Amino acid sequence: MKENKRLPESELDIMLVVWAGGGGVTAPAILEHLERPLTASALHSYLKRLEEKGFLACTKEGKTNVYTPLVSREEYQRSEGRSILKKLYGGSLSRFAAALYDGDKVAPEEVADLQALLDQLKEGER
């Protein structure tokens with residue numbers, strides 16, 4: 001994936017709905033699933049910006065515009081994760097993990113999941 005810019009919250013909310021929709025999603029379906037209400041004209045402005053940024057493709061099905069993601073949720077998460085890790089934690093995964101820990105007891109399942117990830121990363125380095 002080319003390095004995409006960070007999406008503003010309003011555009012990210014729209015992309016979350018599009019990603020959850022699987023294939024193509026219409027503007028009325030997006031409006032219906034947004035947590036924060038938007039006017040139809042505001043939504044169309046955001047959709048146009050997302051197209052210009054390379055996040056969405058728009059195709060016509062009859063008289064209806066159908067929006068399809070050009071960037072997967074996973075690709076965006078990886079890009080955002082790398083950016084946050086680099087900018088806020090100097091690229092240190094351990095500093096990032098320590099910042100997430102708030103002093104409360106961590107569930108054994110979370111520790112096991114983290115250990116499995118660390119083991120997987122360690123195996124990949126060999």
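Trp19, Phe55 and Tyr76 form one aromatic cluster. The model in which this cluster appears is a predicted one. Searching the whole structure gives three aromatic pairs. In one of them, the ring centres of tryptophan 19 and tyrosine 76 are 5.9 Å apart and the planes meet at 35°, so the pair is tilted. The stacked class requires planes under 30 degrees apart and the edge-to-face class requires over 60. The tilted pair joins distant parts of the chain, since its members are 57 residues apart: tryptophan 19 belongs to helix H1 (residues 9–20), and tyrosine 76 to helix H4 (residues 73–89). Both tryptophan 19 and tyrosine 76 are buried.

Another aromatic pair consists of tyrosine 89 and phenylalanine 96. Its geometry is edge-to-face, with 5.2 Å from centre to centre and 75° between the planes. Tyrosine 89 has a relative accessible area of 18% and is buried, because buried means under 20%. Phenylalanine 96, at 27%, is partly exposed.

Tyrosine 89 and phenylalanine 96 also take part in a helix contact, Tyr89 from H4 and Phe96 from H5. Two packed helices are described by the angle between their axes and the distance between the axes. For H4 and helix H5 (residues 93–100), the angle is about 90° and the axes are 10 Å apart. H4 is therefore roughly perpendicular to H5, as angles of 65 to 115 degrees fall in that class. On the H4 side the contact is made by Ile84, Leu85, Leu88 and Tyr89; on the H5 side, by Leu93, Arg95, Phe96 and Ala99. Sorted by class, the contact has seven nonpolar residues, one charged residue and no polar ones.

The next element is the sheet. Strands of a sheet pair through backbone hydrogen bonds, either parallel or antiparallel. Here three strands make an open sheet with antiparallel pairing, in the order S1-S3-S2. Strand S1 (25–26) and strand S2 (56–61) are the edge strands, each pairing on one side only. Between S1 and strand S3 (residues 64–69), the antiparallel pairing runs over two bridges. Valine 25 has tyrosine 67 of S3 as its bridge partner.

Helices also pack against these strands. H1, the helix that holds tryptophan 19, lies across S1, S2 and S3 and runs at about 90° to S3. Helix H3 (residues 40–52) packs on the sheet as well, where H3 touches S2 and S3. The direction of H3 makes about 120° with that of S2.

Conventions: Residues are numbered from 1 along each chain as its sequence is written. This is a predicted model: local features need pLDDT of at least 70, side-chain atom pairs count only at pLDDT 80 or more; totals for chains, interfaces and linings use all residues. Side-chain values use heavy atoms; hydrogens and water are left out. Rings of Phe, Tyr and Trp (its six-membered ring) pair if their centres lie within 6.5 Å; planes under 30 degrees apart count as stacked, over 60 as edge-to-face and the rest as tilted. Helices (H or I, at least four residues) and strands (E, at least two) are DSSP runs, numbered from the N terminus. Buried means under 20% relative accessible area, exposed over 50%, partly exposed in between (1.4 Å probe, protein chains only). Axes are lines fitted to C-alpha atoms, for helices over the stretch in contact, and angles run from 0 to 180 degrees between N-to-C directions. Angles under 35 degrees count as roughly parallel, over 145 as roughly antiparallel, 65 to 115 as roughly perpendicular and the rest as oblique. Contact means heavy atoms within 4.5 Å. Ala, Val, Leu, Ile, Met, Phe, Trp, Tyr, Cys and Pro count as nonpolar, Asp, Glu, Lys and Arg as charged, and the others, Gly among them, as polar. Two strands pair if DSSP finds at least two bridges between them.
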